[in-house]
Amino acid sequence: NWDEFQERRSRSMEAPSRARARQLGVSDAALTAAACALEVQPRNDAPAAGTTVRVLQWNVLAEGLSNDGFLVQDVLHPAEEACTLQVALAAMDEVRANGGDMTRLKAQLGTPRPAKNHAAVVDWARRWECIKEVVVAAQPDVITLQEFDHMADGGRELAQLGYECALPHGRYIPAHEAGLAKGDPQAYLAHLEKQAVAFAPNAPSTCRKLAL
């Protein structure tokens with residue numbers, strides 16, 4: 001039945017995200033905290049029942065924008081008190097209060113561990129597995145994703161979970177691969193309509209400039 005099918009899918013997709021996190025050095029404590037933060041309210045009805053429509057809306061943070069100087073919690077094992085987010089924020093407040101040099105502070109904080117920690121937090125392979133786990137747990141009828149710069153691969157993988165993002169003849173082709181000239185909005189709109197895919201990168205878009 002539907003519940004058993006969802007349980008099998010959930011079990012089969014739980015391991016990849018945790019395995020990827022461990023490859024990146026993420027601690028068990030951080031994984032447990034993340035699992036609690038992503039707890040999803042279960043549906044009261046099967047999607048086929050037709051009594052409600054559940055929509056999953058998520059700004060997933062584009063991979064092309066993920067290395068934009070975000071301050072993040074330390075998730076690595078073993079934990080180090082000197083590398084916590086609170087320590088970094090306290091140091092920034094002190095420098096601002098004393099009119100100090102933020103560039104020098106950035107160099108002091110930019111050690112290998114924070115760089116490795118940031119890479120683990122924003123790692124797209126791990127985040128995408130988590131997103132799919134939430135999709136399986138939430139069982140939405142409609143999924144809307146913002147800052148999604150992996151549409152080609154994502155569309156194929158979501159199709160394996162029973163979701164469609166195009167008419168039968170539709171296929172997503174990034175504008176840069178289609179040879180569209182920049183600065184021609186009419187040509188861009190015609191390109192989107194021809195694809196018959198429910199996806200439109202923002203224009204202008206940093207991720208489009210990076211050809212993602």
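## Exercises on pockets, cores and helix α5

The backbone oxygen of S66 lies 3.4 Å from a polar atom of the H118 side chain. Such a polar contact is a pair of N or O atoms within 3.5 Å; within protein, one must be able to donate a hydrogen and the other to accept it, and residues adjacent in sequence count only if both atoms are side-chain atoms.

The model is predicted: local features need pLDDT of at least 70, side-chain atom pairs count only at pLDDT 80 or more, and totals for chains, interfaces and linings use all residues. Residues are numbered from 1 along each chain as its sequence is written, and side-chain values use heavy atoms, with hydrogens and water left out.

**Exercise 1. Place H118 and state whether it is buried or exposed.**

Step 1. Find the element. H118 sits in helix α5. Helices (H or I, at least four residues) and strands (E, at least two) are DSSP runs, numbered from the N terminus.

Step 2. Check accessibility. H118 counts as buried because its relative accessibility is 13%. Buried means under 20% relative accessible area, exposed over 50%, and partly exposed in between (1.4 Å probe, protein chains only).

Step 3. List the partners. Setting aside neighbours within four places in sequence, H118 is in contact (heavy atoms within 4.5 Å) with S66, N67, F70 and V72.

**Exercise 2. Find the buried residues of α5 and what they pack against.**

Step 1. Scan the helix. R113, N117, H118, A120 and V122 are buried in α5.

Step 2. Recall helix geometry. An α-helix has 3.6 residues a turn, so residues three or four places apart point the same way.

Step 3. Name the partner. The buried residues of α5 pack against α6.

Step 4. Take A120. Its relative accessible area is 1%, so A120 is buried. Beyond four places in sequence, A120 is in contact with L24, V26, V75, L76 and R126.

Step 5. Add a long-range pair. A120 and A21 are 99 residues apart in sequence, yet 7.1 Å apart in space, C-alpha to C-alpha.

**Exercise 3. Describe the largest nonpolar core.**

Step 1. Fix the term. A nonpolar core is a set of buried Ala, Val, Leu, Ile, Met, Phe, Trp, Tyr and Cys residues joined through side-chain atoms within 4.5 Å.

Step 2. Count. The largest core has 17 residues, and V60, W124, W128, F148, M151, L161 and F199 have the most contacts inside it.

Step 3. Assign elements. α6 and α7 (151-159) give two or more residues to this core. The largest share, six residues, comes from α6.

Step 4. Look for another core. A second, separate core holds eight residues, including A21, V26, L76 and A120.

**Exercise 4. Which residues and elements line the largest pocket?**

Step 1. Fix the terms. On a 1 Å grid over the protein atoms alone, a cavity is a set of points where a 1.4 Å probe fits but cannot get out, while a pocket is an open set with protein on both sides within 12 Å along at least five of seven lines; lining residues have an atom within 4 Å of a point. Grid points are joined across faces, edges and corners, and a volume is the space filled by probe spheres set on the points.

Step 2. Size and lining. The largest pocket holds about 960 Å³. Of its 34 lining residues, A34, A35, L38, R126 and C130 lie nearest the centre.

Step 3. Elements. At least two residues each come from α1 (2-23), α2 (28-37), β1 (55-59), α5 (112-122) and α6 (124-138). α6 gives the most, with eight.

Step 4. Classes. The lining has 24 nonpolar, four polar and six charged residues. Ala, Val, Leu, Ile, Met, Phe, Trp, Tyr, Cys and Pro count as nonpolar, Asp, Glu, Lys and Arg as charged, and the others, Gly among them, as polar.

**Exercise 5. Repeat this for the second largest pocket.**

Step 1. Its volume is about 680 Å³. It has 23 lining residues, with F70, L71, L109, G110 and P114 closest to the centre.

Step 2. α3 (85-97), α4 (102-109) and α5 each supply at least two residues. α4 has the largest share, five.

Step 3. By class, the lining has 13 nonpolar, eight polar and two charged residues.

**Exercise 6. Locate the unusual backbone geometry.**

Step 1. Start from the norm. Most residues other than glycine have a negative phi, and most peptide bonds are trans.

Step 2. Peptide bonds. The bond from H77 to P78 is cis, with omega near -5°. P78 is in the loop between β1 and α3.

Step 3. Phi values. L61 has a positive phi of about 65° and lies in the loop between β1 and α3. E147 has a positive phi near 55° and lies in the loop between β2 (142-146) and α7.
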